[in-house]
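Biologist: Could we go through this protein together, one step at a time, with the structure in view?

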Amino acid sequence: MQAPEVKVSDAEATPSIETRASSINRALDQIGDMWTILILQEIFWGINTFGDMLAATGASRGILSNRLEWLQQIECLKKAPSPDARVPVYRLTKKSMELYDNALMAIVWERQYYSHPQLDSIELTHSVCGHSFWPEMVCAHCEGRVAWTDVSYAPGPGAGRDLRGIKTRRRASKTIADQSGGKALYRNLTELLGDRWTSNIIALAYHGLHRFEEFNQELPVATNILSDRLKRLVDHGLLYKKPYRPSVLRYEYHLTAKGADLFPYFMTLLRWGDRWCNDGTGPPIEVIHTPCGKPLQAEVRCDHCSGRLQAREVDFEHLA
Ligand SMILES: [Zn+2]
Ligand SMILES: [Zn+2]
């Protein structure tokens with residue numbers, strides 16, 4: 001049988017690369033950009049007009065309009081008239097509300113590795129059990145904690161290849177820490193991972209990839225981009241370099257504890273991608289929790305009562 005004809009004109013119109021189908025990649029292609037993460041973060045904590053978002057995120061008007069447009073296009077935001085009919089407000093949708101677990105895991109990681117007043121003064125209270133708590137990710141089946149060393153992967157029903165646009169936005173030169181308006185509770189995470197190639201590399205590291213060529217094979221972006229992102233991950237202590245061929249000095253990239261501890265964050269992205277960025281064929285990759293041998297259903301729970309966490313049942317309090 002003959003292979004279907006490739007439409008060269010289409011391929012040329014949008015530069016793209018082919019990567020293994022992955023719900024994490026699909027999620028990142030939708031919401032993995034720094035400004036998009038920041039906007040969603042601010043909306044989660046109640047900032048919902050254009051003007052307030054402008055002040056909170058420090059984005060230019062052009063960037064903010066562009067990302068708000070995009071978020072509406074992918075049905076993560078809805079524009080609605082405000083109750084007092086002045087300026088319109090942006091509201092979360094069912095799709096974006098399910099990123100709540102992802103936001104909680106971002107906060108957990110940020111607090112573990114960074115310290116800044118807005119973050120340090122936060123106390124979370126779970127209204128269901130009435131206790132202050134900390135979110136944790138567990139396997140719904142065996143209730144064990146979820147770590148990257150405790151999973152294995154198998155091709156799922158939707159396994160295949162994805163064609164992905166490579167029009168990449170330059171990394172923002174402005175740092176979020178310079179801004180004072182917004183909460184930016186997980187500003188370091190946003191700055192580090194608010195670039196989908198950087199996030200893609202971490203996700204590949206969880207699959208056991210170590211060498212430049214291995215990363216490049218799975219992520220065929222320009223080699224200078226790949227080098228730049230690997231260096232950035234080493235500089236920020238998420239990966240470390242380990243020589244592997246003493247005769248000609250070559251390095252492998254391995255996860256540090258700091259890089260490994262991002263795993264729950266990525267698992268929430270994977271779940272969200274499985275659910276909302278599905279092409280109808282089912283999950284491309286199945287994750288098995290090896291301690292219990294069951295497909296991993298990673299749940300974010302209250303460490304006091306073990307209940308699942310819903311945005312409306314969690315109070316954020318600044319103690320300072
Ligand atoms: Zn388990
Ligand atoms: Zn609780």
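Modeller: Let us start with helix α5, where the elements that cover its buried residues include α3 (34-44), β2 (77-80) and β3 (89-92). Please keep in mind that this is a predicted model.

Biologist: Which residues of α5 are buried?

Modeller: A residue is called buried here if 20 or more other C-beta atoms lie within 10 Å of its own. In α5, the residues that are buried are Arg67, Leu68 and Leu71.

Biologist: Over what arc around the axis do they lie?

Modeller: An α-helix has 3.6 residues a turn, so residues three or four places apart point the same way. The buried residues of α5 are on the same side of the helix, because the arc that they cover around the axis is only 100°.

Biologist: Which exposed residues does the face turned away from the buried side carry?

Modeller: A residue counts as exposed if 12 or fewer other C-beta atoms lie within 10 Å of its own. On the face of α5 that is turned away from its buried side, the exposed residues are Arg61, Gly62, Glu69 and Gln73.

Biologist: How far apart are the end C-alpha atoms of α5?

Modeller: Helix α5 takes in residues 61-73, which is 13 residues, and at 1.5 Å a residue they should span 18 Å. The model agrees with this expectation, since the distance between the end C-alpha atoms is 18 Å.

Biologist: Turning to the strands, in what order do the 3 strands of the open sheet stand?

Modeller: β7 (151-155) and β12 (294-295) are at the edges, and each has a single partner strand, so one side of each is left without a neighbour in the sheet. The pairing in this sheet is antiparallel, and the order of the strands is β7-β11-β12.

Biologist: How many bridges do β7 and β11 pair over?

Modeller: One of the partnerships here sets Tyr153 opposite Val287 in β11. β7 and β11 pair in the antiparallel sense, and the number of bridges is 5.

Biologist: What is the bridge partner of His289 in β12?

Modeller: Strand β11 (residues 285-289) is joined to β12 by 2 bridges, and the two run antiparallel. Ile288 has Pro295 as its bridge partner in β12, while the partner of His289 is Lys294.

Biologist: Which residue in the hairpin of β11 and β12 takes a positive phi?

Modeller: This hairpin has 4 residues between the strands. The positive phi, near 75°, belongs to Gly293.

Methods: Residues numbered from 1 in each chain as written. Chains lettered and ligands numbered in written order. Predicted model: local features only at pLDDT ≥ 70, side-chain atom pairs only at ≥ 80, totals over all residues. Pairing = 2+ DSSP bridges. Expected span 1.5 Å × (residues − 1). Arc of directions from axis to C-beta. Contact = placed C-beta atoms within 7 Å.
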